[in-house]
Amino acid sequence: YAAALAAPTDIQAQLRYARAAEASGKLEAAFPVYERVLVLQPTNAEAQAGLRRIRAEIQPSRSDTLVELGAAFESNPLRVPTGENSEFQLYGNVDGTYEESVAATRMRTLVRLAGIWHDEQSGLNYGYAGLLTGPVIGIGAASDLHVALGGGISAFGGRLFYTEGEGQLTYETARAGATQSLRLRGAFRQYGANWVSTSGFWADLTGKFIWTTPQAGAALTVTPWLRWSGVPGTFAGADQFNDPIDVTPGRY
């Protein structure tokens, strides 16, 4: 400690003290020293790794659950030109993000539940449940990569709609006073026997970029996205037509 205090710009002296403090369990003392080294040398690999280790160790568990409930009235839920039948609808969404440290590794789990209930048109009732989980890997001093695997299941009109296995990579970095992110997802989806779509892959890429103006107390958020789906489809009786129409609503 005395050597580090006497030479605040000596990177090796700072690292020797940070190692000793971390080894003795004094993480709160080692953390700012690794930060000081990165101010002096932003690419120092040992200081970056030290910050990642300590951050994973001292961060508290995270449990964020967002619940959204609502009601709606729709005059023409079936979108028909005549004989429309109005109805009330109830909907709900639950989005959860949960994190904890497991053996010095940060684990993040994402949970999503969604559904809509129709008062008259029960054939339009919809529900979804999904879960993704995996480690959060530190990249440098201010960036993370969340690697997750999971899946989901959906029901439509009281019948199985689809099941899917999903993988996700989410890159997050601290820039411009906020957390910027880029998410890549891919999944294999299997539709139920009652639907024209069959099974196949889909993928999407979503960005979340935030520009803050603290003096004005405002922020601008832009979330561009691109989705591709290659799920083919068929329909009963297709072989009865000489030139059947290719029914593939899952391809776009």
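**Exercise 1. Over which ring does the charged end of Arg-227 sit?**

Solution. The model is predicted. Start at the charged end of Arg-227. It sits over the ring of Trp-202. The distance to the ring centre is 4.4 Å.

Now find a second case. The charged end of Arg-189 sits over the ring of Tyr-162. Here the distance to the ring centre is 3.8 Å.

**Exercise 2. Classify the ring pair of Tyr-128 and Tyr-162, then place it in the chain.**

Solution. Step one: search the whole structure. The search finds twelve aromatic pairs. Step two: take the pair of Tyr-128 and Tyr-162. Their ring centres are 6.4 Å apart, and their planes stand at 40°. Step three: apply the cut-offs. Planes under 30 degrees apart count as stacked, and those over 60 as edge-to-face. The angle of 40° fits neither, so this pair is tilted.

Step four: locate the partners. Tyr-128 is in strand E4 (residues 126–139). Tyr-162 is in strand E6 (residues 159–175). They are 34 residues apart, so the pair links distant parts of the chain. Step five: check exposure. Both Tyr-128 and Tyr-162 are buried.

Step six: widen the view. Ring pairs join Tyr-128 and Tyr-162 into a cluster with Tyr-126, Phe-156, Phe-161, Tyr-191 and Trp-195.

**Exercise 3. Describe the surroundings of Ser-154.**

Solution. First, find its strand. Ser-154 lies in E5 (residues 143–156). Next, judge exposure. Its relative accessibility is 2%, and buried means under 20%, so Ser-154 counts as buried.

Then look for a polar partner. A polar atom of the Ser-154 side chain lies 3.0 Å from the backbone oxygen of Gly-127. Finally, list contacts, leaving aside neighbours within four places in sequence. Ser-154 touches Tyr-126, Gly-127 and Tyr-128, among others. Its contacts also include Arg-159, Leu-160, Phe-161 and Tyr-162.

**Exercise 4. At what angle do helices H3 and H4 pack, and which residues meet?**

Solution. Take the helices in turn. H3 covers residues 27–40, and H4 covers residues 45–58. They pack at an angle of about 145°. Their axes are 9 Å apart. The crossing is left-handed.

Now read the interface. From H3, the residues include Leu-27, Phe-31, Tyr-34 and Leu-38. From H4, they include Ala-47, Leu-51, Ile-54 and Ile-58.

**Exercise 5. Is Pro-232 buried, partly exposed or exposed?**

Solution. Pro-232 sits in the segment after strand E10 (225–229). Its relative accessibility is 24%, so Pro-232 counts as partly exposed. For a distance, take Glu-166. The two are 66 residues apart in sequence and 18 Å apart in space, C-alpha to C-alpha.

Definitions and conventions:
Residues are numbered from 1 along each chain as its sequence is written. This is a predicted model: local features need pLDDT of at least 70, side-chain atom pairs count only at pLDDT 80 or more; totals for chains, interfaces and linings use all residues. Side-chain values use heavy atoms; hydrogens and water are left out. Rings of Phe, Tyr and Trp (its six-membered ring) pair if their centres lie within 6.5 Å; planes under 30 degrees apart count as stacked, over 60 as edge-to-face and the rest as tilted. Helices (H or I, at least four residues) and strands (E, at least two) are DSSP runs, numbered from the N terminus. Buried means under 20% relative accessible area, exposed over 50%, partly exposed in between (1.4 Å probe, protein chains only). A charge sits over a ring if NZ of Lys or CZ of Arg is within 6 Å of the ring centre and within 35 degrees of the ring normal. A polar contact is a pair of N or O atoms within 3.5 Å; within protein, one must be able to donate a hydrogen and the other to accept it, and residues adjacent in sequence count only if both atoms are side-chain atoms. Contact means heavy atoms within 4.5 Å. Axes are lines fitted to C-alpha atoms, for helices over the stretch in contact, and angles run from 0 to 180 degrees between N-to-C directions. A crossing is left-handed if the near helix is turned anticlockwise from the far one by less than a right angle, and right-handed if clockwise.
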